[in-house]
Amino acid sequence: MMTRRLLQLFTGLAMYGISLAMFIRAGLGLDPWDVFHQGVANRTGLSIGVVVIVVSFLVLLLWIPLRQWPGFGTLCNAVLVGVFADIGLALIPPVSLLAGQIGLLAGAIVLNGIASACYIGARFGPGARDGLMTGLARRTGWSVRLSRTLIEVTVLAVGWLLGGSVGVGTVVYALAIGPLVHVLLPRFMVPAAEPKAASKPAPANC
């Protein structure tokens, strides 16, 4: 079971980073957090992968007042998604034809959904951004939906002001990713370990 969980975690994070590169190469708009990442990358000259890593650890600092603790998967997420995003950008060429852009966007959304189901289903802890959302909801009493909306609207607006790419892909992602992960997650969810039954004492010899 542990082998499956680790394999699923690392595969999911690799696919997530590659899907980010596909979104960028499609050129039709990014999801809210990646609009922010791209905007910061444009302003600083850092690669988007490095920005993803730096922002992940800055977001983890916000977990401290929320009294939330990262898991093994949280720390792996913070590093590996950015690493594989830069690898994907190095391997995937820019696409100029609209048909190619649409195909790349569709593939990115599907791959992102599979990746999300994989790393969430591995049960090693949420990503930094997801943990911020759930932690804020728990500490404030807000719904998870409200917490997510406030966070993502904020980073989307800031990212757009910094020059991040907002477009039809942003809207399609927002509409599609929730239902897609909902369908896929049960197929990748690793069953929780069942507690071992207490062993019966051996009968005493008479």
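**Cysteines and a helix pair**

Cysteine 118 is buried, its relative accessible area being 5%. Bear in mind that this is a predicted model.

Me: How many disulfides does the structure hold?
Reply: Start with the sulfurs: a disulfide needs a pair of cysteine sulfur atoms within 2.5 Å. The sulfur of cysteine 118 has its closest cysteine sulfur in cysteine 76, and at 14 Å that's too far for a bond. So the count of disulfides in the structure is zero.

Me: Does cysteine 76 count as buried or exposed?
Reply: The cut-off for buried is under 20% relative accessible area. Cysteine 76 comes in at 11% relative accessibility, so cysteine 76 counts as buried.

Me: What do you call the angle of α5 to α8: parallel, perpendicular or oblique?
Reply: The axes of α5 (residues 98-121) and α8 (residues 168-188) come within 8 Å and cross at roughly 40 degrees. Angles under 35 degrees would be roughly parallel, and roughly perpendicular runs from 65 to 115. That leaves α5 and α8 oblique.

Me: Is the crossing of α5 and α8 left-handed or right-handed?
Reply: Here the turn of the near helix relative to the far one decides, with clockwise giving right-handed. The way α5 passes α8 is right-handed.

Me: How many charged residues does the contact of α5 with α8 have?
Reply: On the α5 side, the contact includes Leu105, Ile109, Asn112 and Cys118. From α8 come Val172, Tyr173, Leu184 and Phe188, among others. By class, the contact of α5 with α8 has 16 nonpolar and five polar residues, and the number of charged ones is zero.

Key
Residues numbered from 1 in each chain as written. Predicted model: local features only at pLDDT ≥ 70, side-chain atom pairs only at ≥ 80, totals over all residues. Heavy atoms only, no water. Axes fitted to C-alpha atoms, helices over the stretch in contact; angles between N-to-C directions. Helix = DSSP H or I, 4+ residues; strand = E, 2+ residues; numbered from the N terminus. Parallel < 35°, antiparallel > 145°, perpendicular 65-115°, else oblique. Contact = heavy atoms within 4.5 Å. Nonpolar A, V, L, I, M, F, W, Y, C, P; charged D, E, K, R; others polar. Buried < 20%, exposed > 50% of the residue type's maximum accessible area, 1.4 Å probe, protein only.
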